[in-house]
Each structure stands twice: as C-alpha cells, then as structure tokens.
Amino acid sequence: MAAEISGSTKIVGVFGYPVKHSASPAMHNAAFAACGLNYVYVAFEVKPESLGQALHGLQALGIRGVNLTIPHKENALQFMDKLSSEAAAMGAVNTVVIDHGRLSGYDTDTEGFLKSLVEESQFEPRGQKAMVLGSGGASRAVLFGLAGAKVSEIVIANRTAVRAEKLASEIAGKFPKVKMKTIPLSTDSITEQMPSCSLLVNTTPLGMHGENPVRNTGCLHKNLTVYDLVYIPQSTPLLKEAKKRGAKTIGGLNMLVYQGAISFELWTGRKPPIGIMKDAAEEAVRKRCN
C-alpha cells in the first residue's frame, strides 16, 4: 500500500513537453509503494523556455529529483552544478538529483539500454556488429552504450547523412577501436548490411505510427536480436516481422524500466523492484492503448 501523502513525503517526477503519455508515474509509484517508501512521482509539463526556472524551482521546493525527457535532455546541461562522467560524455542529462541545494545531472539511458538488452535477451555486445536506425537523442544513448560495451562495428542508418556522419565521428573519436559506418535509411542499404549484423536497434519513432523502418523484412534473420525503442504500441510492425523470422525481439518498455530503476536508486539509495516496475509500466501502457 502506498504511504499517505503528507508534509514529509518526498517528491520526484519527470519534466517533459508533452508528458501526459508518460508511464513513469505509474511505474515509480508502484515501486515506492512496494518498498514502503514515502515518495510520490509526478509528471510536470514544462515548456522548453521554462526549463531553467523549473529546475531552479526544484531547489526552492525541496523536491528530491526529476527525470528529463524530450525536449529537455541536452538543454538541461547548462543548469547543472555537477555532471556525472556519463552525462558529460553523452552531452545529455535524463536524471537530476538535488542534494544540499545542488543539481547533479546523470545519464541513466545508456546504462538502462545496455542492462535491458543483456537482461532481456542475453545478448553479449562484445565483438558484435550492430545496426542502429536513426541519429536522434535516443540513438546517442544506444551508440555510447554499444561502443562502451566493445562492439566491433556499428552501422548508423539515417535519412540525413550529415547528422549521422557527425554522430559517427563523435563516437569514433571517443571509441577509436569501434568501426563506424553510415548508410542511408533506405531499403537497399539496410538490406545489404543486415546479413552481417547480429543486433538491430530502431531509435526512430516510426513504429508509433504503424510504420516499419525496414521495408524489406526478408533481410531480418534468425541470428538477429531486434530492439525497438518505441513502447506504444508494445509490439511494433518491426518487432512483429522480426519475430516471424525467428529473431529475438525486445520492446522499448524495457529501456524505460531499466533507466527508471537506476534513477530510483539514485534518489532513494534502495535497490529497485524491477519486476514490479515493469508490471506497472505495462499496465499503464495497456490502459493508454485501450
């Protein structure tokens, strides 16, 4: 049972714009209740131009911390008093902890992606070739995670070549042992590279709109692990097609849960109840989709 909200209840939450769709409040509040912690998690819709004021307001209100989602992760850097090494390297913050009035910024997306990949599919990244679709903010976390886990090669498929090349160059500069390649987000290019890949990660939002970024689904193979970061719907067109061809599949809700679990531990100092968080997030998504 959740603790009764009172003057001693610690407040955490998420800043985003928009943020009404977020499954994080249900996930975290279920975890707090299971652990008997007097915390509450709230979604705050914060416009981009108000981010600085909102972050400084956390200090004044005694709020323990927040997650940051689109479009705030990169803009938040300038307001932090301290950055973790991961957040500094990523150039993005998705978790803020307020301690003695100081704002500390962390990146839990990278570790959350890697943990969910390994725990949910038993995929071992070291020495593998991966293809990543897209080059936005979510792609950065995936690329940093895979490069840090010592994959041998990463292929970035993106519609805008300049953006992909810039990101590939940044990763290569930080992880010189990882071979980087960029290709168009086109059927022919993806089809050519897919047979030698053991991991495919989709970071584009196409699955949310019922679209499959891999037009030639015949190139998906049984030795492939396919991870789609979209979690609404939980089973995207890409995941459905990959499953038909015998590939291992992972939905985006897993990354949400695992990155959230790391945030939970940063705020509370307690080990997170992963299973409870996952069940609550799945139920929240089911309700939203009905």
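Here is a quick tour of two nonpolar cores and one helix pair in this predicted model.

## The largest core

Start with the largest nonpolar core, which has 28 residues. Six of them touch the most other members: Phe113, Leu117, Leu146, Ile154, Val201 and Tyr227.

Several elements chip in two or more residues each. On the helix side these are H4 (109-121), H5 (137-148) and H6 (161-174), and on the strand side they are S7 (129-133), S8 (153-158) and S10 (199-202). H5 gives the largest share, with 6 residues.

## A look at Tyr227

Tyr227 is worth a stop of its own. Leaving aside residues up to four places away in sequence, Tyr227 touches Phe113, Ser116 and Leu117, then Leu200, Val201 and Asn202. Its other contacts are Ile250, Gly251, Gly252, Asn254 and Met255.

## A second core

There is also a separate core of 23 residues. Among its members are Leu253, Val257, Ala261 and Trp267.

## Where H9 meets H10

Helix H9 spans residues 253-268 and helix H10 spans residues 274-289. The two pack with their axes 10 Å apart, at an angle of about 135 degrees, which makes H9 oblique to H10. Their crossing is right-handed.

So who does the touching? From H9 come Leu253, Asn254, Val257, Tyr258, Gly260 and Ala261; from H10 come Ile274, Met277, Lys278, Ala281, Glu282 and Val285. Sorted by class, the contact has 8 nonpolar, 2 polar and 2 charged residues. Leu253, Val257 and Ala261 of H9 take part in this contact, and these three also belong to the second core.

Methods. Residues numbered from 1 in each chain as written. Predicted model: local features only at pLDDT ≥ 70, side-chain atom pairs only at ≥ 80, totals over all residues. Heavy atoms only, no water. Core = buried A, V, L, I, M, F, W, Y, C linked by side-chain atoms within 4.5 Å. Buried < 20%, exposed > 50% of the residue type's maximum accessible area, 1.4 Å probe, protein only. Helix = DSSP H or I, 4+ residues; strand = E, 2+ residues; numbered from the N terminus. Contact = heavy atoms within 4.5 Å. Axes fitted to C-alpha atoms, helices over the stretch in contact; angles between N-to-C directions. Parallel < 35°, antiparallel > 145°, perpendicular 65-115°, else oblique. Left-handed = near helix turned anticlockwise from the far one by under 90°. Nonpolar A, V, L, I, M, F, W, Y, C, P; charged D, E, K, R; others polar.
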